[in-house]
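Open the structure in your viewer and keep the selection box at hand. Each stop below gives you something to select, then says what is there.

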Amino acid sequence: MSPDTQSAARSKPSLAIRRELRAPPESCFRAWTDPEALTRWFGPGTNQVVLAETDPRVGGRYRVVMRSAGGEEHEVSGEFREVVANRKLVFTWAWRSTPERQSLVTVEFVPAGDATALTLTHEALADDDARDRHRHGWTGSIERLAALVESSFASVRQRRV
């Protein structure tokens, strides 16, 4: 982003969510970058991912299509701006229905013993309502992510014992 674009982005609403996940950063990172894993947790509530595509490299793209319980489809896509294996992802975010409302998501994975301190920051949202809707969506998604990576990691640990 240019300095002017960065300044404008900072003046728009943003959100930050922090969560400790009882799984290593490698497992958490994989859940964000592996299409099959994304289908198992991405989206809040009963939303189901019907398509997930990822190319996790700088300049690579991703696309996720979710279907609500009522059958409505929601598609989001963007481009990876920064990829640091097992530590950080930065990507643009735009809904198919509002491509002009591009925002920026940063996900950081910090080792914390046997756990991961995950911080998700979503910047340059269109308005306060969009921020609140995204906070609801991300909170629900991260709950589902936690359930997936924590149960998978617990299974791996039990097999080692």
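The tour goes from pocket to cavity to core, then to salt bridges and two backbone spots.

The model is predicted, so treat every value here as computed from it.

**Stop 1: the largest pocket**

Select Met66, His74, Trp93, Trp95 and His134. These residues lie nearest the centre of the largest pocket, which has 27 lining residues. The pocket holds about 580 Å³ of space.

Now colour four elements: strand E3 (61-67), strand E4 (73-84), strand E5 (88-95) and helix H4 (128-160). Each of them gives two or more residues to the pocket lining. Which element gives the most to this lining? It is H4, with seven residues.

Next, colour the lining by residue class. You should find 12 nonpolar, 10 polar and five charged residues.

**Stop 2: the largest cavity**

Select Trp32, Leu38, Phe42, Thr54, Tyr62, Val64, Phe80, Leu89, Phe91 and Trp93. Together they line the largest cavity. Its space comes to about 100 Å³. How many cavities of 30 Å³ or more are there? The count is one.

Keep E3 and E5 coloured. Both give two or more residues to the cavity lining. E5 has the largest share, with three residues. By class, the cavity lining has nine nonpolar residues, one polar and no charged.

Leave Trp93 selected for a moment. Trp93 is among the residues nearest the pocket centre, and Trp93 also lines the cavity.

**Stop 3: the nonpolar core**

Select Trp32, Phe42, Phe91, Leu118, Leu120 and Trp138. The largest nonpolar core has 34 residues, and these six have the most contacts inside it. H4 gives the most to this core, with seven residues. In soluble globular proteins, nonpolar side chains tend to be buried together.

Trp32, Phe42 and Phe91 may look familiar: they also line the largest cavity.

Zoom in on Phe42. What does Phe42 touch, leaving aside residues up to four places away in sequence? Show Val49, Val64, Met66, Val76, Trp93, Trp138, Ser141 and Arg144: these are its contacts. Met66 and Trp93 also appeared at Stop 1, among the residues nearest the pocket centre.

**Stop 4: salt bridges**

The whole structure has 11 salt bridges. Visit three of them.

Begin with Arg22 and Glu150. Their side chains meet at 3.1 Å, N to O. Arg22 lies in the loop between strand E1 (15-21) and helix H2 (25-33), and Glu150 lies in helix H4, so this pair ties together parts that are 128 residues apart in sequence. Are the two partners buried or exposed? Arg22 is exposed, with a relative accessible area of 56%. Glu150 counts as buried, at 12%.

Move to Arg63 and Glu53. This salt bridge spans 3.2 Å, N to O. Arg63 lies in strand E3 and Glu53 in strand E2 (residues 48-54), so the pair ties together parts that are 10 residues apart in sequence. Arg63 is partly exposed, at 28% relative accessible area. Glu53 is partly exposed too, at 36%. Add Glu75 and Arg96 to the selection. Glu53, Arg63, Glu75 and Arg96 are linked in a network of salt bridges.

Then select Asp127 and Arg101. Their side chains meet in a salt bridge at 3.7 Å, N to O. Asp127 lies in the loop between strand E7 (115-123) and H4, while Arg101 lies in the loop between E5 and strand E6 (103-112), so the pair ties together parts that are 26 residues apart in sequence. Asp127 counts as partly exposed, at 28% relative accessibility. Arg101 is partly exposed, at 35%.

**Stop 5: two positive phi angles**

Select Asn86, in the loop between E4 and E5. Its phi is near 65°, a positive value in a residue other than glycine. Asn86 counts as partly exposed, at 22% relative accessibility.

Finish at Ala124, in the loop between E7 and H4. Ala124 has a positive phi of about 65°, although it is not a glycine. Is Ala124 buried or exposed? Ala124 is buried, with a relative accessible area of 10%.

How values were computed:
Residues numbered from 1 in each chain as written. Predicted model: local features only at pLDDT ≥ 70, side-chain atom pairs only at ≥ 80, totals over all residues. Heavy atoms only, no water. 1 Å grid on protein atoms, 1.4 Å probe; cavity = no way out; pocket = protein on both sides within 12 Å on 5 of 7 lines; lining within 4 Å. Points joined across faces, edges and corners; volume = space filled by probe spheres on them. Nonpolar A, V, L, I, M, F, W, Y, C, P; charged D, E, K, R; others polar. Salt bridge = Lys/Arg side-chain N within 4 Å of Asp/Glu carboxyl O. Buried < 20%, exposed > 50% of the residue type's maximum accessible area, 1.4 Å probe, protein only. Core = buried A, V, L, I, M, F, W, Y, C linked by side-chain atoms within 4.5 Å. Contact = heavy atoms within 4.5 Å.
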